[in-house]
Amino acid sequence: MTSTPRPAPTTARAPSGDRAARKRQAIVKAARAAFVRDGFDIGMDAIAAAAGVSKVTVYNHYGSKEALFIAVIGDAMEEALGDVVAGTAQRLANSDDLAAALRWTGRAWVDSMARPDMLALRHLVVSEVRRFPDLGSAWGEHGPGRARPALAAAFQRLIDAGRLTMPDIDVAIIQFSSLVLYPHLIHSAYGARLDNHTTERLIDSGVDMFLAYYNYRPSHHDGRRSPTGGSSGTAG
């Protein structure tokens, strides 16, 4: 019995126009569900059938399964984090209360990235990244790291104002993620899920630890208590 040959990856430009965009959307939606449900070894013919297109059409748009998976990562991250990244940037730029802005950011990241579907997608990336290193690069490019410019700008502004002592902003951003988001990623690897009460405690205490370590000095507009225990507000 002979097997049906796989269409050769196309080197031509992907189809364009509204109809092509609708097909790409259908393909990515079907692929995302299939990858999460059945893993990376799911056949492209099954993805094509779920999307209501031919396998040739899938390859015309994406060229390879790896390229399709990268498109799935980008689509999932935009859905999960698009508003979060914008909200983080707005709050950090416009708020004089860094503690409140970081708490909002921590909760938004957890709400978006600790969803079961996003955790399942992340686990799949981790399991395949040795075979396909570009999957890890795509996850990093489209993930919470997108909030780095807003965090870095806010930290630098407070450093310049003498309200934050932070010798390495890049390290600080990694530490902040480690305090508020990574516990969920670690527990999920073992099939566990942190409850809402634990999540709130992790975020609140994590932000407090982070700001205390970097010697954050609240402004008089910030209702947070100062690291020395005195009120940050003006005397009455």
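In the predicted model, the count of aromatic pairs comes to nine. One of them joins Phe40 and Phe132, whose ring centres lie 4.8 Å apart and whose planes meet at 50°, so the pair is classed as tilted, an angle under 30 degrees being required for stacking and one over 60 for an edge-to-face arrangement. This pair links distant parts of the chain, with Phe40 placed in the loop between H1 and helix H2 (44-51) and Phe132 in the loop between helix H6 (116-128) and helix H7 (133-142), at a separation of 92 residues. Phe40 and Phe132 are both buried. The ring of Phe40 is also engaged by a charge, since the charged end of Lys65 sits over that ring at 5.2 Å from its centre. A further arrangement of this kind is formed by Arg91, whose charged end sits over the ring of Trp104, 3.9 Å from the ring centre. Elsewhere, one aromatic cluster is made up of Trp109, Phe155, Phe176, Phe210, Tyr213 and Tyr214.

Ala34 belongs to helix H1 (residues 18-38). Its relative accessibility is 4%, and because the limit for burial is under 20%, Ala34 counts as buried. With neighbours within four places in sequence left aside, the contacts of Ala34 are with Gly39, Ile42 and Ile47. The C-alpha atom of Ala34 is separated by 8.5 Å from that of Ala50, a residue 16 positions away along the chain.

Turning to the pockets, the largest has a volume of about 380 Å³. Its lining consists of 16 residues, among which Trp139, Gly140, Pro144, Gly145 and Tyr182 lie nearest the centre of the pocket. At least two lining residues are supplied by each of H6, H7, helix H9 (169-180) and helix H10 (182-188), and by class the lining of this largest pocket comprises ten nonpolar, four polar and two charged residues.

The second largest pocket encloses about 280 Å³ of space, and of the 19 residues lining it, Val110, Ala114, His184, Arg193 and Leu194 are the closest to its centre. Helix H5 (98-113), H6, H10 and helix H11 (196-213) each contribute at least two residues to the lining of the second largest pocket, with the largest share, four residues, coming from H11. The lining of the second largest pocket divides by class into six nonpolar, seven polar and six charged residues.

Methods. Residues are numbered from 1 along each chain as its sequence is written. This is a predicted model: local features need pLDDT of at least 70, side-chain atom pairs count only at pLDDT 80 or more; totals for chains, interfaces and linings use all residues. Side-chain values use heavy atoms; hydrogens and water are left out. Buried means under 20% relative accessible area, exposed over 50%, partly exposed in between (1.4 Å probe, protein chains only). Contact means heavy atoms within 4.5 Å. Rings of Phe, Tyr and Trp (its six-membered ring) pair if their centres lie within 6.5 Å; planes under 30 degrees apart count as stacked, over 60 as edge-to-face and the rest as tilted. A charge sits over a ring if NZ of Lys or CZ of Arg is within 6 Å of the ring centre and within 35 degrees of the ring normal. On a 1 Å grid over the protein atoms alone, a cavity is a set of points where a 1.4 Å probe fits but cannot get out, and a pocket is an open set with protein on both sides within 12 Å along at least five of seven lines; lining residues have an atom within 4 Å of a point. Grid points are joined across faces, edges and corners, and a volume is the space filled by probe spheres set on the points. Ala, Val, Leu, Ile, Met, Phe, Trp, Tyr, Cys and Pro count as nonpolar, Asp, Glu, Lys and Arg as charged, and the others, Gly among them, as polar.
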